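Work through these exercises with the model open beside you. Try each task before you read its solution.

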Amino acid sequence: MANENLTHTRLGRFADTTAGGEVVRAFVPPPLPPEPPIDILALLDRLSLAERALGRLDGITMLLPRQELFLYMYVRKEAVLSSQIEGTQSTLTDLLRFETEAQAGQPIDDVREVSNYVDAMMYGLDRLQTLPLSLRLIREMHARLLRNGRGGAASPGEFRRSQNWIGGTRPGNALYVPPPVNELDACLDALERFMHEDRSRLPALLKAGLLHVQFESIHPFLDGNGRIGRLLVTLFLNTHGVLRSPLLYLSLYLKTHRADYYRLLQEVRERGAWEAWLEFFLDGVAETANQAFDAATRIIALFKEDRERITAESERAGSALRVHDLLQQNPFLTSNILVDRTGLTAPTINAALADLQRLEVVEEVTGRRRGRVFAYRRYLAILGEGTDPLPAPSATRGE
């Protein structure tokens with residue numbers, strides 16, 4: 001019984017608020033860290049496995065011939081996955097072709113949303129050089145995330161001034177109603193203070209897991225909360241030196257296990273079940289880091305194998321290797337772009353592309369005679385694992 005009372009000190013409280021003409025009970029989470037403290041001993045094995053997996057990932061990225069290319073592509077994969085969780089139907093192929101101005105007919109708003117996410121993520125990572133992880137930085141990233149397209153009406157860069165809700169068709173049947181507007185400042189102030197406190201002596205990985213749930217529970221924006229909340233994990237780990245390169249993105253894990261993810265968020269709110277959430281979170285970190293390590297290993301091997309084949313078998317190895325080098329930066333290219341970027345003549349580029357097709361390194365994907373687009377298929381296959389769109393989500397307001 002005493003133990004049950006202790007658990008209840010971890011619970012938040014409910015406050016009545018009006019939304020959509022209805023009076024509803026909104027949840028106000030207690031400040032972090034949880035009280036009583038997290039049972040770290042029960043999590044040590046999982047924490048160790050997650051830290052080891054992150055260490056391996058950091059190690060392999062140091063061996064990548066061009067680390068920035070892997071980051072460039074991995075950021076785009078995360079943008080696609082994180083946006084899919086919120087209902088966009090764009091794939092990694094759609095985004096990359098959009099960026100190459102070789103659109104394949106995907107609704108432009110979907111692709112633009114994903115492209116905005118890439119921009120917000122890279123902006124946040126760059127801004128960390130001059131600004132600490134903070135509410136200000138979160139607002140700045142949010143402004144870039146929603147600056148055009150469908151999010152433009154959802155107050156980009158501003159915390160909400162009206163009540164939102166998650167799930168259901170209206171506030172009265174919502175799965176979850178976040179804190180009322182008059183409680184928002186206090187919740188966010190406590191969140192920011194927890195980002196920078198060290199009295200709890202919690203490992204950075206556990207703090208990242210706690211921060212993610214707290215941000216999702218506060219749901220401070222009218223739209224874009226899920227995407228910013230997932231990005232917060234990577235930014236926090238990068239800031240605290242757990243990752244030298246920001247290569248840990250949890251969206252594929254959360255997409256694959258989304259029913260467990262939403263259930264565990266609710267169990268934290270309803271029962272203070274932080275340990276169960278952290279077990280799930282640490283398993284996700286380990287699995288995600290191991291997947292990224294595996295992808296990096298296979299990409300290194302693919303680039304090496306293809307370079308060796310081009311060198312040994314191409315009739316014009318010099319120009320073919322230059323094209324191959326650019327395909328590593330963008331797996332979709334047109335001959336015009338290649339002429340632009342290499343300074344080689346159009347006939348030289350076309351001959352190199354024909355050679356790369358013969359060696360089955362590239363494939364022409366439009367079937368057209370003019371405006372042809374060439375794809376580095378085997379590279380795309382590794383990058384695109386797990387990025388098929390989800391079915392459209394049920395009605396929500398505030399993501």
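**Exercise 1. Empty space inside**

Task: Find how many cavities of 30 Å³ or more the whole structure holds, then say which residues line the second largest cavity.

Solution:
- Start with the count. In this predicted model, a search of the whole structure gives 4 cavities of 30 Å³ or more.
- Take the second largest cavity. Its volume is about 70 Å³.
- List its lining. The residues are Arg-10, Phe-27, Pro-29, Pro-30, Val-213, Gln-214, Ser-217, Val-268, Arg-269 and Trp-274.
- Sort them by character. The lining of the second largest cavity has 6 nonpolar, 2 polar and 2 charged residues.
- Look for helices. α8 (204-218) and α11 (258-271) each supply at least two residues of this lining.
- Pick the main contributor. α8 gives the most, with 3 residues.

**Exercise 2. One residue of the lining**

Task: Decide whether Gln-214 is buried or exposed, and list its contacts beyond four places in sequence.

Solution:
- Place the residue. Gln-214 is in helix α8 and is part of the lining of the second largest cavity.
- Check its accessibility. The relative accessible area of Gln-214 is 5%, so the residue is buried. The cut-off for buried is under 20%.
- Read off the contacts. Beyond four places in sequence, Gln-214 is in contact with Pro-29, Pro-30, Pro-31, Leu-32, Leu-191 and Trp-274.
- Compare with the lining. Pro-29, Pro-30 and Trp-274 also line the second largest cavity.

**Exercise 3. A loop that meets a helix**

Task: Locate Leu-32, explain why Leu-32 counts as buried, and find the cis peptide bonds at Pro-33 and Pro-36.

Solution:
- Locate it. Leu-32 is in the loop between β2 (22-28) and α2 (40-63).
- Apply the cut-off. Leu-32 counts as buried because its relative accessibility is 11%.
- Cross the chain. Leu-32 and Gln-214 are 182 residues apart along the chain, yet their C-alpha atoms are separated by 8.0 Å.
- Add the contacts. Without its neighbours within four places in sequence, Leu-32 is in contact with Phe-194, Leu-210, Leu-211, Gln-214 and Trp-274.
- Inspect the next peptide bond. Leu-32 and Pro-33 are joined by a cis peptide bond, with omega about 0°.
- Move along. The bond from Glu-35 to Pro-36 is cis too, with omega near 5°.
- Place both prolines. Pro-33 lies in the loop between β2 and α2, and Pro-36 lies there as well.

**Exercise 4. Strand pairing**

Task: Describe how β1 pairs with β2, then give the strand order of the open sheet of 3 strands.

Solution:
- Begin with the hairpin. β1 (residues 13-19) pairs with β2 in the antiparallel sense over 7 bridges.
- Match some residues. Arg-13 stands opposite Val-28, and Ala-15 has Ala-26 as its bridge partner.
- Look at the turn. There are 2 residues between the strands, and Gly-20 takes a positive phi near 60°.
- Go to the open sheet. Its order is β3-β5-β4, and the pairing is antiparallel.
- Name the edges. β3 (332-334) and β4 (363-364) each pair on one side only.
- Count one set of bridges. β4 and β5 (residues 373-375) are joined by 2 bridges.
- Find a facing pair. Glu-364 stands opposite Phe-374 in β5.

**Exercise 5. Loop residues**

Task: Say where His-219 lies, and give the accessibility class of Arg-201 and Ser-155.

Solution:
- Consult the record. An unreviewed UniProt entry lists His-219 under "active site".
- Place His-219. It lies in the loop between α8 and α9 (225-239).
- Classify it. With a relative accessible area of 1%, His-219 is buried.
- Check its backbone. Phi of His-219 is near 50°, a positive value in a residue other than glycine.
- Turn to Arg-201, in the loop between α7 and α8. Arg-201 also has a positive phi, about 55°, although it is not a glycine.
- Classify Arg-201. Its relative accessible area is 72%, so Arg-201 is exposed.
- Finish with Ser-155, in the loop between α6 (135-145) and α7 (181-196). At 26% relative accessible area, Ser-155 is partly exposed.
- List its contacts. Ser-155 touches His-142 and Leu-222, not counting residues up to four places away in sequence.

Terms used:
Residues numbered from 1 in each chain as written. Predicted model: local features only at pLDDT ≥ 70, side-chain atom pairs only at ≥ 80, totals over all residues. Heavy atoms only, no water. 1 Å grid on protein atoms, 1.4 Å probe; cavity = no way out; pocket = protein on both sides within 12 Å on 5 of 7 lines; lining within 4 Å. Points joined across faces, edges and corners; volume = space filled by probe spheres on them. Helix = DSSP H or I, 4+ residues; strand = E, 2+ residues; numbered from the N terminus. Nonpolar A, V, L, I, M, F, W, Y, C, P; charged D, E, K, R; others polar. Pairing = 2+ DSSP bridges. Buried < 20%, exposed > 50% of the residue type's maximum accessible area, 1.4 Å probe, protein only. Contact = heavy atoms within 4.5 Å. UniProt positions renumbered as here; feature names shortened; annotations may be inferred.
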